[in-house]
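Reader: I should like to learn how the features of a structural model are read, taking each general idea before its particular case. May we begin with the pairing of strands?

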Amino acid sequence: MRVCGETKAIIEQRRFSTLFFLLSTSLLLLFLVSHQAKAQESQNFTQSSSSQTVTLAAEDSWPPFANQFGQGISHRLIEAAFKQAHIEVNSLVVPYSRALMMAEKGAVDGVFNVTREASTEQRFVFGDMPLFVAKASFYQRKQRSLLAENKWQIPKGSNVGVIKSYEYGDEFPELVKQRQLNIVTVATQQQLINLLLIGRIDAAVMFDLVAQENLQKMGVSDEVIAAFDNHSSQIYLAFSKENPKAALLAKALDQGLSTLKKNGQYLQLLSAN
């Protein structure tokens, strides 16, 4: 009887050892499979992030920020900021009015160089951080001054040139109404300057760095001069409301710009030729 009892104990012990071995092996296999799946998921996410592309409409006639060759300050800042999030930028260079339309319809993910104001906030998604701040002024022909000290003193009925679809600040519609301005709309900065030179308009609203660039190229910096300020714009990359990932892209851009400012690259990109 004692021998039989010992045999039973040995058998039970072997059973327990076998069950324990099988359970341990199963848990180990489960752990390995789970770990491999997580590693594959992480790898897939990294590959997806590194290959992600954002398609943007970039205006073609706003140097030094964006020109017809797809170059300028805005291009450098946007590409460098998105690079921090492993997002590649594909830019389509088109006239500004077309760029806005493409973004509104969802043909592109976003549009360059949009002033954040009441009219644009209804149409696009914005992040928290502007690309930069750009100052705009009224420009006049040196030999034909406006006889005003500020924009609210512009003679009523004056002819003022602007670029089609540009934003000129929340005050501009009220200014036009109050001073009864005749707005002449053109497509390029060169056209504005030429209209000033031949006396077809009394003034033109241009962003200062853009005006300087074009006046120098045209060789008329001494003939067309700034009269007084219009406004200062916070310039953004605006995202299409048709894109469900617009808010995420805006956040990625904000984080990228913040990183560029912290590591000193932002000022280098802003001031580079």
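Author: Two strands pair if DSSP finds at least two bridges between them. In this predicted model, strand 6 and strand 8 pair in the parallel sense over two bridges. Within that pairing, Val 160 stands opposite Ala 203 in strand 8. Helices (H or I, at least four residues) and strands (E, at least two) are DSSP runs, numbered from the N terminus.

Reader: On what conventions do such statements rest?

Author: Residues are numbered from 1 along each chain as its sequence is written, and side-chain values use heavy atoms, with hydrogens and water left out. As the model is predicted, local features need pLDDT of at least 70 and side-chain atom pairs count only at pLDDT 80 or more, whereas totals for chains, interfaces and linings use all residues.

Reader: With which other strand does strand 6 pair, and in which sense?

Author: Strand 7 (residues 182–186) pairs with strand 6 in the parallel sense, over five bridges. Here Val 160 stands opposite Ile 183. Strand 6, helix 5 (residues 172–178) and strand 7 make a right-handed β-α-β unit. A crossover is right-handed if, with the strands pointing away from the viewer, the path from the first strand over the helix to the second runs clockwise.

Reader: How is burial read, and why is strand 6 described as largely enclosed?

Author: Buried means under 20% relative accessible area, exposed over 50%, and partly exposed in between (1.4 Å probe, protein chains only). Strand 6 (residues 159–163) has four of its five residues buried, so it is largely enclosed by the rest of the structure. For the chain, buried residues make up 41% of the 273 residues.

Reader: What does a single buried residue, Met 206, have as its contacts?

Author: Contact means heavy atoms within 4.5 Å. Met 206 is found in strand 8 and counts as buried at 1% relative accessibility. Leaving aside neighbours within four places in sequence, Met 206 is in contact with Ala 136, Ser 137, Tyr 139, Gln 189, Leu 192, Ile 193 and Ala 211. The C-alpha atoms of Met 206 and Gly 161 are separated by 9.0 Å, the two residues being 45 residues apart along the chain. For contacts in the chain between residues at least 6 apart in sequence, 75% join residues at least 24 apart.

Reader: Which residues of helix 7 are buried, and where do they lie around the axis?

Author: In helix 7 (residues 208–218), the buried residues are Asp 208, Val 210, Ala 211, Asn 214 and Leu 215. Seen down the axis of helix 7, they fall within an arc of 155 degrees, so they line one face of the helix. The arc is that of the directions from the helix axis to the C-beta atoms. The face turned away from the buried side carries the exposed residues Gln 216 and Lys 217.

Reader: Against which elements do the buried residues of helix 7 pack, and what follows the helix?

Author: The buried residues of helix 7 pack against strand 5 (132–141), helix 6 (189–197), strand 8 (203–207) and strand 9 (224–240). After helix 7 comes Gly 219, whose phi is positive, near 70 degrees.

Reader: How is a salt bridge recognised, and how many does the structure hold?

Author: A salt bridge is a side-chain nitrogen of Lys or Arg within 4 Å of a carboxyl oxygen of Asp or Glu. The structure holds seven salt bridges. One of them joins Glu 104 to Arg 123, with the closest N and O atoms 3.1 Å apart. This pair links distant parts of the chain, 19 residues apart: Glu 104 in helix 3 (residues 96–105) and Arg 123 in the loop between helix 4 (118–121) and strand 4 (124–125). Glu 104 is partly exposed at 35% relative accessibility, and Arg 123 is partly exposed at 28%.

Reader: What is found for Arg 144 and Asp 202?

Author: Arg 144 forms a salt bridge with Asp 202, the closest N and O atoms being 3.3 Å apart. Arg 144 lies in the loop between strand 5 and strand 6, and Asp 202 in the loop between helix 6 and strand 8, so the pair ties together parts that are 58 residues apart in sequence. Arg 144 counts as partly exposed at 40% relative accessibility, whereas Asp 202 is buried with a relative accessible area of 19%.

Reader: Which residues are linked in a network of salt bridges?

Author: Lys 135, Asp 208 and Asp 229 are linked in such a network. Asp 208 is also among the buried residues of helix 7.
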